[in-house]
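The following note sets out points for a colleague to consider while examining the model. Please read it alongside the sequence and the coordinates.

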Amino acid sequence: MRKWMVPVLVVLLCLGGCASRADPTPYLEELTRVLTVHDDLSAAYCRALEAALDYGQDPQGEGLDEAKAACIQALSAAADLETVEPALTEDQLAAMADLGMNEADYLTPFRTQAYERAVRMQTLTDVLACLNRGPEGRETAALLAEQELAFEQWDRQIRYLGINDLLVELPEETVRAYREEVLAGLASYQEGLPPWEDSREAVALRSEEVLAEMDAWLAGAAAETGELYAALLAQANDPEEEMTAAGAPPEAAAAVEQRFAQLREESGS
């Protein structure tokens, strides 16, 4: 009888271990929702910045009107985006540790949505204010757009490393499928990213490298644009005013301004 008891116990223990490990599917589905919202925000934001940069570098034809229209469209898109909350039960949140995921890290992209949108809407408003000044503001708009596009790429790298750190202890096949089927489909995670790491220690080292590089870039950018940003902050540009000046319907501009104010209040900015 003892001959079969040991293997049976091993099988039972293995089954018990598998049963206690949470299913990662609902966590990954909710994470996809919030990453998709941010990807939509980033895509509209970058299109507007690229249009402003194109106009600044080659002020020909209808470039100014196209840049203004792109900023108006991006502001409206940011205002209209859904704020998503994770549809997870208390038990599911408590079970995250079984998957090696940190609850606070998991919830961060959900909790920072208002801040992320408000910051980008303010930048778009500042770019639009420069564009509304016509040729006089062309170089300033181009410089601001160029700097913010670069910063957006740094933000993507840091966000990608955060996802890497969050998911690193999930089964390898689960992570591979998520990267290939979900992240690869989002514009924010297709190029210019650090390599995916297989351990938390490696992610930490890679993060240190990226943050050091970003700090060096920020120091150089601050030396070049410090006075520009100080001037923009002093102006306190208003989305409704700038959108109306750029030709947006007054009611649409007012709606964007109202949502911007709500987002600033929610984020405490």
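1. Asp155 is buried, and Arg159 is buried as well; buried here denotes a relative accessible area under 20%, exposed over 50%, and partly exposed in between (1.4 Å probe, protein chains only). The side chains of Asp155 and Arg159 meet in a salt bridge with an N to O distance of 3.4 Å. The term salt bridge is used for a side-chain nitrogen of Lys or Arg within 4 Å of a carboxyl oxygen of Asp or Glu. Because Asp155 and Arg159 are four residues apart in helix α7, about one helical turn separates them.

2. The basis of these statements should be made plain. This is a predicted model, in which local features need pLDDT of at least 70 and side-chain atom pairs count only at pLDDT 80 or more, while totals for chains, interfaces and linings use all residues. Residues are numbered from 1 along each chain as its sequence is written, and side-chain values use heavy atoms, with hydrogens and water left out.

3. To which other residue is Arg159 joined by a salt bridge? The partner is Glu116, with an N to O distance of 3.0 Å between the side chains. This pair links distant parts of the chain, 43 residues apart, with Arg159 in helix α7 (residues 138-167) and Glu116 in helix α6 (residues 113-132). Both Arg159 and Glu116 are buried. In general, side chains of opposite charge can pair when their charged atoms come close.

4. The pairs described above belong to a network of salt bridges that links Glu116, Arg120, Glu152, Asp155 and Arg159. The count for the structure comes to 13 salt bridges. Another of them joins the side chains of Arg259 and Glu266, at 3.4 Å from N to O. Arg259 counts as buried because its relative accessibility is 17%.

5. On the overall architecture, the protein has 11 helices and zero strands. Helices (H or I, at least four residues) and strands (E, at least two) are DSSP runs, numbered from the N terminus. Along the sequence the pattern reads α-α-α-α-α-α-α-α-α-α-α. Of the 269 residues in the protein, 43% are buried. The protein exposes about 14,300 Å², of which carbon and sulfur atoms supply 53%; accessible areas come from the Shrake-Rupley method with a 1.4 Å probe, and for residues only the protein chains shown count as cover.

6. How are contacts distributed along the chain? Among contacts in the protein with a separation of 6 or more, 83% are between residues 24 or more positions apart. Contact means heavy atoms within 4.5 Å. Thr125, which lies in helix α6, offers an example: leaving out residues up to four places away in sequence, Thr125 touches Leu75, Asn237, Asp238, Pro239 and Glu242. Thr125 counts as buried because its relative accessibility is 0%.

7. Ala253 is found in helix α11 (residues 250-267). Is Ala253 buried or exposed? Ala253 is buried, since its relative accessible area is 0%. Apart from residues up to four places away in sequence, Ala253 touches Glu240, Met243 and Thr244. The C-alpha atoms of Ala253 and Ser76 are 8.2 Å apart in space, although the two residues are 177 apart in sequence.

8. A loop residue also deserves inspection. Leu186 lies between α8 (172-181) and α9 (200-235), and counts as buried at 8% relative accessibility. Outside its neighbours within four places in sequence, Leu186 is in contact with Leu35, Thr36 and Asp39. The C-alpha atoms of Leu186 and His38 are separated by 9.7 Å, with their positions 148 residues apart along the chain.

9. Asp80, by contrast, is exposed, with a relative accessible area of 67%. Asp80 has its place in helix α3. Its C-alpha atom is separated by 8.3 Å from that of Val256, 176 residues away along the chain.

10. Which residues form the negative surface patch? They are Glu50, Asp54, Asp58, Glu62, Asp65 and Glu66. Helices α2 (25-57) and α3 (63-80) are the elements that give two or more residues to the patch. Patches are made of residues with over 30% relative accessible area and no salt bridge, like charges being joined within 9 Å and nonpolar side chains (Val, Leu, Ile, Met, Phe, Trp, Tyr) within 5 Å. Lys and Arg count as positive and Asp and Glu as negative, whereas His and the chain ends are not counted; the place of a charge is taken as NZ of Lys, CZ of Arg, CG of Asp or CD of Glu. Glu50 is in helix α2 and is partly exposed, with a relative accessible area of 39%.
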